[in-house]
Structure formats: structure tokens, C-alpha cells
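Q: Hey, could you walk me through this protein? I'm new to this, so plain words please.

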Amino acid sequence: MSKGYWIVRVDIADPEKYKLYVAANAAPLRSTAHGFWCARASFENPEGGSRTRNAVIEFPSYKAAVDCWHSPEYQEVLKLRLPVSTADLIIIEGYEGPQP
């Protein structure tokens, strides 16, 4: 079974209020996510647009990643983020086929 990932790019308008979201999202993510693979790391943006903060969060499966986002727990936490930030978030299935 392929892993699932959230790829998140965020601009934060109110860093202090965003901290409330970060603290609150720990519970729903801890119960399903395997971990953050990068967050608040240095990055280069050679193509397309970007946002000031980026994260990749790994889940045990694509279904777990989708289910976490749709869970009542995360939807409640999301209410803390929406008024203080703008984000692009995709949920993507990991690839386990041949590598180039």
C-alpha cells in the first residue's frame, strides 16, 4: 500500500494566532501521520509561485491522509488556521514503482 502525503504551502498573516493552530493540529496529526518530512526549512523556488512556509507530512496510506483532513477533529482545528493564513494543500498518493 502506498503512503499518502500532505504537501502544504502557507502564507501566515498573523503568526501569533497561527501558533494556536500549530498547537491544536498536533492531536489529529499525531493519531495518523508518520511525521513531518520538512517544515519551515530553507527552500528555493526555481519555477512557479511559492508561499513563505512549506511542509510535507507523511501518512501510512493515501486513505489515512484523506481521512485525516476530512476528520471532524482536523476540521475543527482548521477553523483556527483559515482566518489567519492562506494555504495550498494537496493530498497525494506516494509512488512505489520503478525509479528513473
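**A chat about the model**

A: Let's start with Phe-43: leaving aside neighbours within four places in sequence, Phe-43 is in contact with Ser-50, Arg-51, Thr-52 and Asn-54. Contact here means heavy atoms within 4.5 Å.

Q: OK, and where does Phe-43 sit?

A: Phe-43 is in the loop between S2 and S3. Helices (H or I, at least four residues) and strands (E, at least two) are DSSP runs, numbered from the N terminus.

Q: What should I know about the model before we go on?

A: This is a predicted model, where local features need pLDDT of at least 70 and side-chain atom pairs count only at pLDDT 80 or more, while totals for chains, interfaces and linings use all residues. Residues are numbered from 1 along each chain as its sequence is written, and side-chain values use heavy atoms, with hydrogens and water left out.

Q: Back to that loop. Is Phe-43 buried, exposed or in between?

A: Phe-43 is partly exposed, with a relative accessible area of 42%. Buried means under 20% relative accessible area, exposed over 50%, and partly exposed in between (1.4 Å probe, protein chains only).

Q: And what about Pro-46, buried or exposed?

A: Pro-46 is exposed, at a relative accessible area of 68%. Pro-46 also belongs to the loop between S2 and S3. Its C-alpha atom is separated by 32 Å from that of Thr-32, and those two residues are 14 apart along the chain.

Q: New topic: which residues does Ile-90 touch?

A: Not counting residues up to four places away in sequence, Ile-90 touches Tyr-5, Trp-6 and Ile-7. Ile-90 lies in strand S4 and is partly exposed, with a relative accessible area of 46%.

Q: How far is Ile-90 from Arg-9 in space?

A: C-alpha to C-alpha, Ile-90 and Arg-9 are 9.2 Å apart, with their positions 81 residues apart in sequence.

Q: Zooming out, how many helices and strands are there?

A: The protein has 3 helices and 4 strands. From the N terminus on, they run β-α-β-β-α-α-β. The radius of gyration (taken over C-alpha atoms) is 14 Å, close to the 13 Å that the globule rule (2.2 Å times the number of residues to the power 0.38) gives for 100 residues, so the protein is as compact as a globular protein of that length.

Q: How much of it is buried?

A: Buried residues make up 28% of the 100 residues. Among contacts between residues at least 6 apart in sequence, 79% join residues at least 24 apart.

Q: What's the volume of the largest pocket?

A: About 310 Å³. A pocket is found on a 1 Å grid over the protein atoms alone: it's an open set of points where a 1.4 Å probe fits, with protein on both sides within 12 Å along at least five of seven lines, and lining residues have an atom within 4 Å of a point. Grid points are joined across faces, edges and corners, and the volume is the space filled by probe spheres set on the points.

Q: Which residues are closest to its centre?

A: Of the 19 lining residues, the closest to the centre of the largest pocket are Tyr-18, Tyr-21, Asn-25, Phe-36 and Ala-55.

Q: Which element gives the most to that lining?

A: H1 does, with 5 residues.
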